[in-house]
Number of protein chains: 2
Amino acid sequence: MRLRVAVDAMGGDHGPEEIVRGAMAWAVDHPAVDLLLVGDEERLRPFLEDDLPAHVRLVQASESVAMEEHPAAAVRRKRDASINVAMRLVRTGEADAVVTAGHTGAAVASAILHLGRLRGVDRPALAVQMVTDRGPFVFLDIGATTDSSGLNLAQYARMGAIYSAQVLGVADPSVALLSIGEEGGKGEARVQEATKLLADSDLRFIGNVEGKDLPHHPADVVVCDASVGNVTIKFFEGVSGFIFDMLRTEFRRWPLGPVGYLFMRPGLRRMRSRFDYERLGGAPLLGVNGTVLITHGRARRRMIGYAVAAGAAAAGARIPERIAAALAPDP
Amino acid sequence: MRLRVAVDAMGGDHGPEEIVRGAMAWAVDHPAVDLLLVGDEERLRPFLEDDLPAHVRLVQASESVAMEEHPAAAVRRKRDASINVAMRLVRTGEADAVVTAGHTGAAVASAILHLGRLRGVDRPALAVQMVTDRGPFVFLDIGATTDSSGLNLAQYARMGAIYSAQVLGVADPSVALLSIGEEGGKGEARVQEATKLLADSDLRFIGNVEGKDLPHHPADVVVCDASVGNVTIKFFEGVSGFIFDMLRTEFRRWPLGPVGYLFMRPGLRRMRSRFDYERLGGAPLLGVNGTVLITHGRARRRMIGYAVAAGAAAAGARIPERIAAALAPDP
């Protein structure tokens, strides 16, 4: 069966142009996947050829959720918002995945409203594959909801473990909580509560890990509240850019620097590509009954292309079904 | 008047040896500051010369708080723990600062118990000077207490602003909350609560900043809960080491790499020294009635030397008096 990816063409910081052009560039190279561009036809048309390829279709949505709106309220009020229309395409079986660069809170609210949560999941979580010196691990929640409880964290751990096993192919993945100290008695109340729940679970729980451990693959799955995960992942982007910029500056400062830079360029390029978060495309929203991939609000067309690819891959992997199958009713 | 620094010689992951040797090496070079080594004489003696310099003194403390103990309980139970004895030296005016590499929770509990909180401060906070591409900013709380409220965050902001003005010499420092999104309506409940309190305050509050902004000096003071601050600061250590290691590996992989490495060595050294967190010595605990500097549990003798220096500098700057003077009773 052909995969069909619905793209919320109205979301994101840079307006429909970047999204339409990025998605179309990807679609032209991938005729085996159907692309559904969801948005206000009048606003999308200027960025499209008159004749769309047979595997690309426009789906009308007259409204959209703006970045500054209250997400849950806007999602409820604007029934015909592009994110809602896209989610309904998945619910009705007309699409296999939603890809959005819009407001994360709106996407989460719309996913819960239209797709529903999986049995045994109180809150969905956004997961990324975190870069380390020994391959990626699953890191969540990086931004679905804040103010999580210990029970929420324990459920994230379970979803992350299923994702690790099913998508990254890790047998019996290890699970850790990200915390302020390694000792079980340290850290937030919710981390201590989750520690108890995970210690009693059938997951391979290895305890707490600290921020310093993250670059060294401390576990196959690392769990935290979105307030911690979101700052960490964004800081990672910021700080790697910062270090590379500093490196460039140093080479300019020093009389023989440009020669050194020339010699090291291939290595630097290889390094930069490892930190290229755009290639990841975005983060799958785990715990809802459908495939939803949330990409950067700041994503431009290159990253949108990767996001559509990641959405198609996630849909092909049937992650929600796998999580649903593996989830016990109680975490 | 001579400054007198009390060093908790029993704390830390590497036992008294690293602390005694690090503090002594610093003291030998700094005869103008008195050093009080607080610990069990029998356990410290093996690492000391028979004749101590005139400005170094041992202060007996028969007990110590182990890293795995419950901090608040241990501090209450072990009256003669080295951290308690050191704090009492400050309270009685026999010392001007405490420097410790021991359990952070124990140091905070002992400081509250023996020195007390400043008027208008519900919880103390640990502050660091965060490295950026445009000079340091004050970042707190990085680990004093978790599960802070919005009111706590607002108080941290005030203390951080005083520290920024008094120690870093910033006139009318800008203050921001670290959050999951830049919009005021986003993020944790406590961040939203603090947003209201800070908007109504006389501080120059500029709103929310995100993790990606941290390397670019988003504000003079950035405030968050310890769960976020601690992971961020430790991740920063971890990730900068990770990137430098990767750089070295890349140079080894590539046939002409070693030549490039030779050319770039001075620049790399300069960069590494900017990320050398050991030089900071440690983090001052703001909000208690006395100067307390908390350094890494993992600190070895080199960093202990920097920590004693930072403790002496903090004592000289009379930060608690300045915070007390500037704090309004209501935050």
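In the predicted model, strand β4 of chain A, spanning residues 97-100, and strand β11 of chain A, spanning residues 291-294, run in the parallel sense and are joined over four bridges. Within this pairing, A97(A) is placed opposite T291(A), which belongs to β11(A). In general, the strands of a sheet pair through backbone hydrogen bonds, in either a parallel or an antiparallel arrangement.

The two strands form part of an open sheet of 11 strands in chain A, for which the order is β3-β2-β1-β4-β11-β10-β5-β6-β9-β7-β8 and the pairing is mixed. The sheet is bounded by the edge strands β3 (56-60) and β8 (204-209) of chain A, each of which pairs on one side only. Between neighbouring strands of this sheet the average turn is 25°, with direction ignored. Helix α7 of chain A, comprising residues 189-199, packs on the sheet, where the helix touches β7 (174-178) as well as the edge strand β8 of chain A; the direction of α7 makes an angle of about 165° with that of β7(A).

Turning to the contact between the chains, 51 residues are contributed by chain A and 51 residues by chain B. On the side of chain A that touches chain B, helices α8 (226-253) and α9 (257-274) of chain A each supply at least two residues, and α8(A) gives the most, with 21 residues. When the residues on this side of chain A are divided by class, 24 are nonpolar, 14 are polar and 13 are charged.

Conventions
Residues are numbered from 1 along each chain as its sequence is written. Chains are lettered from A and ligands numbered from 1 in the order in which they are written. This is a predicted model: local features need pLDDT of at least 70, side-chain atom pairs count only at pLDDT 80 or more; totals for chains, interfaces and linings use all residues. Two strands pair if DSSP finds at least two bridges between them. Axes are lines fitted to C-alpha atoms, for helices over the stretch in contact, and angles run from 0 to 180 degrees between N-to-C directions. Two residues are in contact if their C-beta atoms, placed from the backbone, lie within 7 Å. Ala, Val, Leu, Ile, Met, Phe, Trp, Tyr, Cys and Pro count as nonpolar, Asp, Glu, Lys and Arg as charged, and the others, Gly among them, as polar.
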